[in-house]
Structures are given as structure tokens and as C-alpha cells.
Amino acid sequence: TSFTNFQGTALFAVRPKRSCPHLSLVKPAPPSEGALAVDQKCEKCDAPDGNWLCLTCYMVLCGRDRNKHMLAHYSAHHNHPLCLSFDDLSVWCYGCASYVDYELPELTEIHRRVYKSKFRENRPGDNATAQTTIDNTLE
């Protein structure tokens, strides 16, 4: 979708997909808090930021703006298409070449836990049951 700002410059909005045929490849997140900590470095080059979390094997690898280790990971393992950005918490599917809505049932709990790791609080609007689940998981 494109828009124009007040100066006539074209702007674009990214709309994540509301479905993805690769969601069945998402594996349950490890129970430990450290497995989803957003301060992890790339496991290949130690890049301190711009890292992504593979939602199949939970490796942390750097993105395209670094050394492209997550892209290399997907190229070597096509059954690991979905990853979550530690920078903006978006979910990308290499198989679909698209962002995917993190509110889909297969992604919500992982997103909640990574959000809690990044901001040290529950996501706005999460209900009390979800917050209790997150708190218990991270203890």
C-alpha cells in the first residue's frame, strides 16, 4: 500500500500476511528465559545487534544489514523459513518472502515472551491469563 506525505513523497506501509503455509514449521520455544533473550549475539559472527531468531531451531543469527547469516541459514535449511527480529519484533517468512502477522496463534506466545525480554513488561492489551503464563515461563 502506498501513501503520499505532505511533501508529495511516496510512502509505503507494510502489511504482514494473515496466513502462511510455513507456520507448521514453527517449533515450541525453549522454556528458558535465556533462549529468547534479545541481547544475544549472532552465533556465527558475534554481531551484537540486527539479529533474528529462527522459529524452528531457535538459533540467533544476524540479518541482511550485517553478514546475512540468517539468510544463509534459510538457504541451507529450507524447512526453517520463519524468523523473528530482535530489533522490531517483526516476523519474516523467507518461504513467502513476506512479513507475517505475529498475532497468528502459532506465533503469539513466542512474540509475547520476546516482547517481555525486550521491554521487561507485558505487551499492551495482553489479558491477565497470558501475562501470568509469561511470568511463570520466565521465572
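The following exchange walks through a predicted model and asks what its descriptive terms rest on.

Visitor: How do you know how far the predictor trusts this chain?

Guide: The pLDDT, which is the predictor's confidence in each residue on a scale from 0 to 100, averages 89 over the protein chain, and 87% of the residues score at least 70. Over residues 130-134, however, the pLDDT is below 50, although this stretch has 10 contacts in the model beyond near neighbours in sequence.

Visitor: What makes up the fold, and in which order do the elements run?

Guide: The protein chain holds 3 helices and 7 strands, and from the N terminus on they follow the order β-β-β-β-α-β-β-β-α-α. Of the contacts between residues at least 6 apart in sequence, 47% join residues at least 24 apart.

Visitor: Why is Arg 112 called buried?

Guide: Buried means under 20% relative accessible area; Arg 112 has a relative accessible area of 16%, and therefore it counts as buried. Arg 112 sits in helix α2, which spans residues 105-119, and its C-alpha lies 9.8 Å from that of Leu 89, with the two positions 23 residues apart in sequence numbering.

Visitor: What makes the pairing of Arg 112 and Asp 126 a polar contact?

Guide: The cut-off for such a pair of N or O atoms is 3.5 Å, and the side chains of Arg 112 and Asp 126 are joined at 3.4 Å, so the distance falls within that limit.

Visitor: Why is His 80 called buried, and where is it placed?

Guide: His 80 has 12% relative accessibility, which is under the 20% limit, and so it is called buried. His 80 is found in the loop between α1 (69-76) and β5 (82-85). Across the whole protein chain of 139 residues, 42% count as buried.

Visitor: Which residues surround His 80, and with which side chain does it make a polar contact?

Guide: Leaving aside neighbours within four places in sequence, His 80 is in contact with Cys 54, Thr 56, Cys 57, His 73 and Tyr 74. Its side chain makes a polar contact with the side chain of His 73 at 3.1 Å, a value within the 3.5 Å cut-off.

Visitor: What makes the lining of the largest pocket a mixed one in chemical class?

Guide: The lining divides into 4 nonpolar, 3 polar and 4 charged residues. Among the lining residues are Trp 52, Arg 64, Asp 87, Ser 90 and Tyr 99; Trp and Tyr count as nonpolar, Arg and Asp as charged, and Ser as polar. The space in this pocket comes to about 170 Å³.

How values were computed. Residues are numbered from 1 along each chain as its sequence is written. This is a predicted model: local features need pLDDT of at least 70, side-chain atom pairs count only at pLDDT 80 or more; totals for chains, interfaces and linings use all residues. Side-chain values use heavy atoms; hydrogens and water are left out. On a 1 Å grid over the protein atoms alone, a cavity is a set of points where a 1.4 Å probe fits but cannot get out, and a pocket is an open set with protein on both sides within 12 Å along at least five of seven lines; lining residues have an atom within 4 Å of a point. Grid points are joined across faces, edges and corners, and a volume is the space filled by probe spheres set on the points. Helices (H or I, at least four residues) and strands (E, at least two) are DSSP runs, numbered from the N terminus. Buried means under 20% relative accessible area, exposed over 50%, partly exposed in between (1.4 Å probe, protein chains only). A polar contact is a pair of N or O atoms within 3.5 Å; within protein, one must be able to donate a hydrogen and the other to accept it, and residues adjacent in sequence count only if both atoms are side-chain atoms. Contact means heavy atoms within 4.5 Å.
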